[in-house]
Amino acid sequence: LMGTLKPEGVKSVDVDKGKQLVIIELNQNYKPVLITLSDLQKKYTNVKSNRVIFMVDDQIVQQSPAEVFVDISNIMQIDVSPVKSIGGIDELYMINLWVRNEKNIKELNRIILR
């Protein structure tokens, strides 16, 4: 979740080590549109397989897709690609989410001539 929130929308971040919680306080005017990765897969892709690796800005999501929320209003691009290099596993897909930030916007607008 943290990586998909708009930085200007976050007021503060606190850690409660005793309860093992991260507490995120948002600005009053910021209303993120939260969706689980499982629901994102169903709504925004054609992938029917349960064998999916999710990445957010090139970082693999380790938790269950049903438990990880993202702010869909701050997702710039969703890339889906089959993974064929792992032997013996059929219908394995990589879903990579690109967050709308300055670095990713520059990358998207970059043109490479060869």
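1. Salt bridges come first in this note on a predicted model. A search of the whole structure finds one salt bridge, a term that stands for a side-chain nitrogen of Lys or Arg within 4 Å of a carboxyl oxygen of Asp or Glu. The two partners are Glu-25 and Lys-11, whose side chains meet at 3.8 Å, N to O. Because Glu-25 lies in strand 2 (residues 21-26) and Lys-11 in strand 1, the pair ties together parts that are 14 residues apart in sequence. Lys-11 counts as exposed, at 56% relative accessibility, whereas Glu-25 is partly exposed, with a relative accessible area of 38%. In these terms, buried means under 20% relative accessible area, exposed means over 50%, and partly exposed covers what lies in between, with a 1.4 Å probe and protein chains only.

2. A word on conventions may help a new reader. Residues are numbered from 1 along each chain as its sequence is written, and side-chain values use heavy atoms, with hydrogens and water left out. Since this is a predicted model, local features need pLDDT of at least 70 and side-chain atom pairs count only at pLDDT 80 or more, while totals for chains, interfaces and linings use all residues.

3. The overall layout can be stated briefly. The protein has two helices and eight strands, and from the N terminus on its elements run β-β-β-α-β-β-β-β-β-α; helices (H or I, at least four residues) and strands (E, at least two) are DSSP runs, numbered from the N terminus. Along its principal axes the C-alpha trace spans about 45 × 40 × 25 Å, and buried residues make up 29% of the 114 residues.

4. Asp-71, which lies in strand 6 (residues 69-71), deserves a separate look. The residue is buried yet has no salt bridge, and the nearest side chain of opposite charge, that of Lys-6, is 5.5 Å away; for this purpose Lys and Arg count as positive and Asp and Glu as negative, while His and the chain ends are not counted. The side chain of Asp-71 is nevertheless joined to that of Ser-73 by a polar contact of 2.6 Å. A polar contact is a pair of N or O atoms within 3.5 Å, where, within protein, one must be able to donate a hydrogen and the other to accept it, and where residues adjacent in sequence count only if both atoms are side-chain atoms.

5. The second largest pocket has a volume of about 180 Å³. On a 1 Å grid over the protein atoms alone, a pocket is an open set of points with protein on both sides within 12 Å along at least five of seven lines, a 1.4 Å probe being used to find where there is room, and lining residues have an atom within 4 Å of a point. Grid points are joined across faces, edges and corners, and a volume is the space filled by probe spheres set on the points.

6. As for what surrounds that pocket, the lining consists of Ser-38, Gln-41, Lys-42, Val-47, Lys-48, Ser-49, Asn-50, Val-52, Phe-54 and Pro-65. Helix 1 (37-44) and strand 4 (52-56) each supply at least two of the lining residues, and helix 1 gives the most, with three. By class, the lining has four nonpolar, four polar and two charged residues; Ala, Val, Leu, Ile, Met, Phe, Trp, Tyr, Cys and Pro count as nonpolar, Asp, Glu, Lys and Arg as charged, and the others, Gly among them, as polar.

7. Two loop residues have a backbone angle that a reader may wish to inspect. Gln-20, in the loop between strand 1 and strand 2, has phi near 55°, a positive value in a residue other than glycine, and Gln-20 is exposed, with a relative accessible area of 73%. Asp-58, placed in the loop between strand 4 and strand 5 (59-60), has phi near 70°, again a positive value in a residue other than glycine, and Asp-58 counts as partly exposed at 49% relative accessibility.

8. Finally, some C-alpha distances give a sense of scale. Asp-16, in strand 1, is partly exposed with a relative accessible area of 25%, and Asp-16 and Leu-97 are 81 residues apart in sequence and 28 Å apart in space. Glu-107, in helix 2 (residues 102-109), is 26 Å from Val-47, with their positions 60 residues apart in sequence. Met-2 lies in the segment before strand 1 (10-16), and its C-alpha atom is separated by 18 Å from that of Ile-78, 76 residues apart along the chain.
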